[in-house]
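Student: I'm new to this one. Could you walk me through it, a question at a time?

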Amino acid sequence: QVQLVESGGGSVQAGGSLRLSCAASGYTYRPKYMGWFRQAPGKEREAVAAIYTGGSSTYYDDSVKGRFTISQDNAKDTVYLQMNRLKPDDTALYYCAATPRDVTGGIWQNVIRRFGYWGQGTQVTVSS
């Protein structure tokens with residue numbers, strides 16, 4: 001059973017930066033893709049970024065392109081989300097997720113359906 005533990009959330013002013021970490025464990029075969037998702041109060045959970053663990057391919061929601069960077073350290077079984085130029089609209093509970101499935105193809109908004117393993121989330125609050 002894949003276990004995911006997020007860390008690095010916190011409170012920051014608009015324009016600031018945070019780096020989230022997600023440590024994965026408990027798997028027999030490395031998940032094919034890892035991703036970051038977020039859910040703001042009263043809104044549905046949405047995909048933020050994803051990374052192919054077997055290479056360097058990355059994918060981003062349009063709202064974070066140019067500001068957020070997803071990366072991985074396979075030796076540490078850890079995925080990161082570097083968030084720069086944060087905005088109040090980025091305020092949400094951020095979740096790490098993993099999947100053995102291919103997430104390419106189809107529309108980005110539906111990628112969440114392909115992820116089956118989830119962490120507990122870490123809160124990010126951006127004040128204006």
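Tutor: Sure, we'll start with the overall build and then go to single residues; keep in mind that this is a predicted model.

Student: How many helices and how many strands are there in the protein?

Tutor: Read along the sequence, the pattern goes β-β-β-β-β-β-β-β-β-β-β. Counting both kinds of element gives 0 helices and 11 strands.

Student: How does the radius of gyration compare with what the globule rule gives for 128 residues?

Tutor: The C-alpha atoms fill a box of roughly 45 × 30 × 25 Å along the principal axes. For 128 residues the globule rule gives 14 Å, and the protein comes close to that, so it is as compact as a globular protein of that length. The radius of gyration itself is 14 Å.

Student: What share of the residues is buried?

Tutor: To count as buried, a residue needs a relative accessible area under 20%. Out of the 128 residues in the protein, the buried share is 41%.

Student: And how much of the exposed area do carbon and sulfur atoms supply?

Tutor: Start from the total: the protein exposes about 6,800 Å². Of that area, the share from carbon and sulfur atoms is 45%.

Student: Which residues does the disulfide join?

Tutor: In general, a disulfide is a covalent bond between the sulfur atoms of two cysteines. This structure holds 1 disulfide. Its sulfur atoms sit 2.0 Å from each other, and the residues joined are Cys-22 and Cys-96.

Student: How many residues apart are Cys-22 and Cys-96, and which strands hold them?

Tutor: The pair links distant parts of the chain. Cys-22 belongs to strand 3 (residues 18-25) and Cys-96 to strand 9 (residues 92-99), and the two are 74 residues apart.

Student: Are Cys-22 and Cys-96 buried or exposed? And what is the angle about their S-S bond?

Tutor: On the first point, Cys-22 and Cys-96 are both buried. As for the bond, their link is left-handed, with an angle of -75 degrees.

Student: Where is Asp-77, and what is its phi?

Tutor: Asp-77 lies in the loop between strand 7 (68-73) and strand 8 (78-83). Its relative accessibility is 26%, which is why Asp-77 counts as partly exposed. Phi is positive here, in a residue other than glycine, with a value near 50 degrees.

Student: Why does Arg-85 count as partly exposed?

Tutor: Arg-85 is in the loop between strand 8 and strand 9, and its phi is also positive, near 50 degrees. Partly exposed covers what falls between under 20% and over 50%. Arg-85 counts as partly exposed because its relative accessibility is 49%.

Student: How far apart in space are Asn-110 and Ser-11?

Tutor: Asn-110 sits in the loop between strand 9 and strand 10 (117-118), and it is partly exposed at 29%. Along the sequence, Asn-110 and Ser-11 are 99 residues apart. From C-alpha to C-alpha, the distance is 29 Å.

Student: Last one: which residues does Gln-120 touch, not counting those up to four places away in sequence?

Tutor: Gln-120 is in the loop between strand 10 and strand 11 (122-127), and with a relative accessible area of 68% it is exposed. Its C-alpha atom is separated by 9.2 Å from that of Leu-93, 27 residues away along the chain. The residues Gln-120 touches are Leu-4, Glu-6, Leu-93 and Tyr-95.

Technical notes: Residues are numbered from 1 along each chain as its sequence is written. This is a predicted model: local features need pLDDT of at least 70, side-chain atom pairs count only at pLDDT 80 or more; totals for chains, interfaces and linings use all residues. Side-chain values use heavy atoms; hydrogens and water are left out. A disulfide is a pair of cysteine sulfur atoms within 2.5 Å. Helices (H or I, at least four residues) and strands (E, at least two) are DSSP runs, numbered from the N terminus. Buried means under 20% relative accessible area, exposed over 50%, partly exposed in between (1.4 Å probe, protein chains only). The radius of gyration is taken over C-alpha atoms; the globule rule is 2.2 Å times the number of residues to the power 0.38. Accessible areas come from the Shrake-Rupley method with a 1.4 Å probe; for residues, only the protein chains shown count as cover. Contact means heavy atoms within 4.5 Å.
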